[in-house]
Amino acid sequence: MTATSGLPARGRFITFEGGEGGGKSTQSRRLAQALGAAGVAVVETREPGGSARAELIRAFILSGQAKPMGAATETFLFNAARYDHIATRIAPALVAGQWVLCDRFADSTRVYQAVAGGADEALVRGLERLVVGPARPDLTIILDLPAAVGLARAGARRGGGESPDRFEAESVATHERIRAGFLAIAREEPERCVVIAADRDPDIVADDVRRVVRDRLGAAI
Ligand code: TYD
């Protein structure tokens, strides 16, 4: 029985999580290519966003305009975006037998809003149960690296001109708490989560990701 067994689903749901600059989108892309080459139908998506309406909420949150409303309201907004994303993209793809790869999902809310932002843990967990329901990931890959390294990478990727977004602008100490928060989730749910060291050559990280997906989900990659 898979974690998505509450849906009449046959596809698998894989999420990539971790702090800033860990290469989640690169690794998601590379896994999608490997699965595609093995004949698996794959949908690549991301959060916040992933559907047209959720992308509108993403722009509002990342602009920083929601920050003064507080961590609880940000939690509601991430969940509103997630509700639409699941309903319009993730669940239909899983039901159609496709594999869904998502760059960030509900663990990011647990960590950024509750651990780092101070939103009430019961609120965050309760909303997750209501909003995610049976669309829980089958596998979560946590790309782990020291916060300072990840922030430097994210800054280099952004280039000199653009300013950091709402969450990149937080302190290194906050980003270390974020790192610890993801590692705590991996300890709490080892059947779902795998931690992969991300401060290494992306080719080596991609090999590890493929091995985990092969071992845990039986993909022929
Ligand atoms: P994004 O540009 O996608 O960052 P990254 O490349 O690090 O994934 O911006 C997403 C930001 O939103 C990121 O800083 C993490 C934050 N976030 C939350 O705070 N809560 C959430 O539930 C999600 C999905 C993301």
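Two strands count as paired if DSSP finds at least two bridges between them. Helices (H or I, at least four residues) and strands (E, at least two) are DSSP runs, numbered from the N terminus.

The model is predicted: local features need pLDDT of at least 70, side-chain atom pairs count only at pLDDT 80 or more, and totals for chains, interfaces and linings use all residues. Residues are numbered from 1 along each chain as its sequence is written, and side-chain values use heavy atoms, with hydrogens and water left out.

**Exercise 1. The sheet**

Find the bridge partner of glutamate 17 in S4, then give the strand order of the open sheet.

Solution.
- Step 1. Glutamate 17 has isoleucine 142 of S4 as its bridge partner.
- Step 2. S1 and S4 (residues 139–144) run parallel and are joined by four bridges.
- Step 3. The open sheet has five strands in the order S2-S3-S1-S4-S5, and the pairing is parallel.
- Step 4. S2 (42–46) and S5 are the edge strands; each has a single partner strand, so one side of each lacks a neighbour in the sheet.
- Step 5. From one strand to the next, the twist averages 20° (axes are lines fitted to C-alpha atoms, for helices over the stretch in contact; angles run from 0 to 180 degrees between N-to-C directions).

**Exercise 2. Valine 195**

Place valine 195 in its strand, and decide whether this residue is buried, partly exposed or exposed.

Solution.
- Step 1. Valine 195 belongs to strand S5, residues 193–197.
- Step 2. Its relative accessibility is 37%, so valine 195 counts as partly exposed. The cut-offs are under 20% relative accessible area for buried and over 50% for exposed, with partly exposed in between (1.4 Å probe, protein chains only).
- Step 3. Leaving out residues up to four places away in sequence, valine 195 touches Ile142, Asp144, Leu183 and Ala186. Contact here means heavy atoms within 4.5 Å.
- Step 4. Threonine 140 is 55 residues away along the chain, and 8.5 Å separates the two C-alpha atoms.

**Exercise 3. The pockets**

Describe the lining of the largest pocket and of the second largest pocket.

Solution.
- Step 1. Fix the terms. On a 1 Å grid over the protein atoms alone, a pocket is an open set of points with protein on both sides within 12 Å along at least five of seven lines; a cavity is a set where a 1.4 Å probe fits but cannot get out; lining residues have an atom within 4 Å of a point. Grid points are joined across faces, edges and corners, and a volume is the space filled by probe spheres set on the points.
- Step 2. The largest pocket holds about 650 Å³. Its lining has 29 residues, with Glu20, Arg58, Leu62, Arg104 and Asp165 nearest the centre.
- Step 3. H4 supplies the largest share of that lining, four residues.
- Step 4. The second largest pocket holds about 160 Å³. Its lining has 15 residues, and Arg110, Glu128, Arg129, Val132 and Arg136 lie nearest its centre.
- Step 5. H5 gives the most to this second lining, with four residues.

**Exercise 4. The cavity**

Which residues lie closest to the centre of the largest cavity?

Solution.
- Step 1. The structure has one cavity of 30 Å³ or more.
- Step 2. The largest cavity contains about 100 Å³ of space.
- Step 3. Of its 15 lining residues, Gly19, Glu20, Leu145, His175 and Arg179 are closest to the centre.
- Step 4. S4, H6 and helix H7 (172–188) each give two or more residues to this lining. H7 gives the most, with four residues.
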